[in-house]
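The following report introduces a protein structure to a reader who has not met it before. It treats the helix packing, the domains, the ligand shell and the backbone in turn.

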Amino acid sequence: MNNQPELIIRGKRIRIIQGAMGVGVSGPKLTSAVANCDLDGWGTAGTLSGIGLSLLGDYGKHYAEGNRLALLDAIKATRERSPNGVIGVNVMHALTDYPGLVEFASKENIDFIVSGAGVPRDLPKLVENPEIVLGTIVSSVRFAKTMCKAWAKYDRKKMIVVEGRKAGGHSGFSEEQLRGTECDETSLESIVRGTVEVAKQFGNIPVFAAGGIYTGLNLREAESWGASGVQMGTRFVPTDECDAADEFKWAYLNAKKEDIGVIKSPVGRPGIAIINDVLRGVIDGKKIPFTCEYQCLKPCEPSESPYCIAKELVAAQQGTGGFQFAGTNAYRATEETCLDKNGDFITVGTLLDTIISEYNS
Ligand SMILES: Cc1cc2nc3c(=O)[nH]c(=O)nc-3n(C[C@H](O)[C@H](O)[C@H](O)COP(=O)(O)O)c2cc1C
């Protein structure tokens, strides 16, 4: 570590955050497993994804209300498994029920709330509890500055996650930027370095690097750019505790580099996913018929969308179809690295030990 500000929560210096993965991929099992890892000097934090959770259980007909209840259940289940761990919730700003979900979640026993997919200027107003760390996800130095300015008047604990273009899930970059050659505007290193400079001017807010952070060596590099730690998603998927079905995890193990690509999404931003038959069909102009009971995403136009993203992601989580979001590194998951000697997925504890020994070697 150089002179980075430290994000201390529950007495732990947070260096690895497991990023939120919807729908239900980072649920109570994964989030609590990461939060429970008690590694000397290595604070780890787990993030629950707060999107579409009611679709994974029976929460009645009212979608928004059901989602709030489902999120409460997920928080409670995570806290039960990890009474002292650092746990947070991600609520995408693009959600129609964003204020409701944030206010609901922030009354619970959580340590941070992080929002991306939009401009969450209103987050500090929605979260009354001053102990909850507020996080924003940015993908450019300019956006980092906008958020720092917007939150400057709030004397709160804050963090910034810089999500680069290799990150799984929805991206803050345009399709051209995702497909094009890396440049200053899209290199994680330059965005992190620039954001760290901006964050210094606004109270030295800790900055976390995300998107393509796969090994301990990547973590070491991120710290050398001034990051206080990293956020990782892809590498946590093929683990025993990850809440998705084994089919989801196997999709990572089976994916080749060329299978991972950019898709258009009803969220309004492109995303990075494993291009399977479902997505190939959509790319070829096929529609997957659906009825929309509740418009969960502000930018979604159900009548124009070729599929319901929530339903496809739920099917993927349950191993019954759909498609899997994945970072560009997902092809690096292999049987050798992700399965133990019994052929089971490795535990989060084993994974974190590996990452730390990579960092130290
Ligand atoms: C399967 C999957 C689902 C994701 N879902 C979300 C989400 O719902 N909300 C969000 O803010 N980020 C989401 N992300 C991004 C992660 O939180 C994290 O920032 C990202 O995975 C980091 O990059 P990496 O995949 O290269 O490790 C998702 C990532 C993956 C792989």
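## Helix packing

Helix H8 passes helix H13 in a right-handed crossing (a crossing is right-handed if the near helix is turned clockwise from the far one by less than a right angle, and left-handed if anticlockwise). The model is predicted: local features need pLDDT of at least 70 and side-chain atom pairs count only at pLDDT 80 or more, whereas totals for chains, interfaces and linings use all residues. Residues are numbered from 1 along each chain as its sequence is written. Helices (H or I, at least four residues) and strands (E, at least two) are DSSP runs, numbered from the N terminus.

H8 covers residues 216–224 and H13 residues 348–360; they pack at an angle of about 60 degrees, with their axes 7 Å apart. Because of this angle, H8 is oblique to H13; angles under 35 degrees count as roughly parallel, over 145 as roughly antiparallel, 65 to 115 as roughly perpendicular and the rest as oblique. Axes are lines fitted to C-alpha atoms, for helices over the stretch in contact, and angles run from 0 to 180 degrees between N-to-C directions. From H8, Gly216, Leu217, Leu219 and Arg220 make the contact, and from H13, Ile355, Ile356, Ser357, Glu358 and Tyr359. Two residues are in contact if their C-beta atoms, placed from the backbone, lie within 7 Å.

H2 also packs against helix H3 (residues 98–106), at an angle of about 30 degrees and with the axes 10 Å apart. H2 is therefore roughly parallel to H3. Here Ala64, Asn67, Arg68, Leu71, Leu72 and Ile75 of H2 meet Gly100, Leu101, Phe104 and Ala105 of H3.

The axes of helix H1 (residues 28–36) and H2 come within 9 Å and cross at roughly 35 degrees, and this crossing is right-handed. Pro28, Thr31 and Ser32 in H1 meet Ala74, Ala77, Thr78 and Arg81 in H2.

The table gives the make-up of the three contacts by class. Ala, Val, Leu, Ile, Met, Phe, Trp, Tyr, Cys and Pro count as nonpolar, Asp, Glu, Lys and Arg as charged, and the others, Gly among them, as polar.

| Contact | Nonpolar | Polar | Charged |
|---|---|---|---|
| H8 with H13 | five residues | two residues | two residues |
| H2 with H3 | seven residues | two residues | one residue |
| H1 with H2 | three residues | three residues | one residue |

## Domains and ligand

The domain assignment (bounds come from an automatic or database assignment) gives domain 1 (8–242 + 341–360) and domain 2 (246–331). Their C-alpha centres lie 21 Å apart. Domain 1 brings 32 residues to the contact and domain 2 brings 28. On the side of domain 1 that touches domain 2, helix H2 (63–81), strand E8 (169–170) and helix H6 (175–179) each supply at least two residues. H6 gives the most to this side, with three residues.

Both domains give residues to the shell around the ligand, so the ligand lies between them. Of the 28 residues around the ligand, Gly19, Gly168, Gly169, Gly233 and Gly327 come nearest; a residue is near if its C-beta atom, placed from the backbone, lies within 6 Å of the molecule. The shell has 12 nonpolar, 14 polar and two charged residues.

## Backbone

Most residues other than glycine have a negative phi, and most peptide bonds are trans. Arginine 10, in the loop between strand E1 (8–9) and E2, has a positive phi of about 50 degrees. A cis peptide bond joins glycine 22 and valine 23, with omega about -5 degrees. Valine 23 lies in the loop between strand E2 (12–18) and H1.
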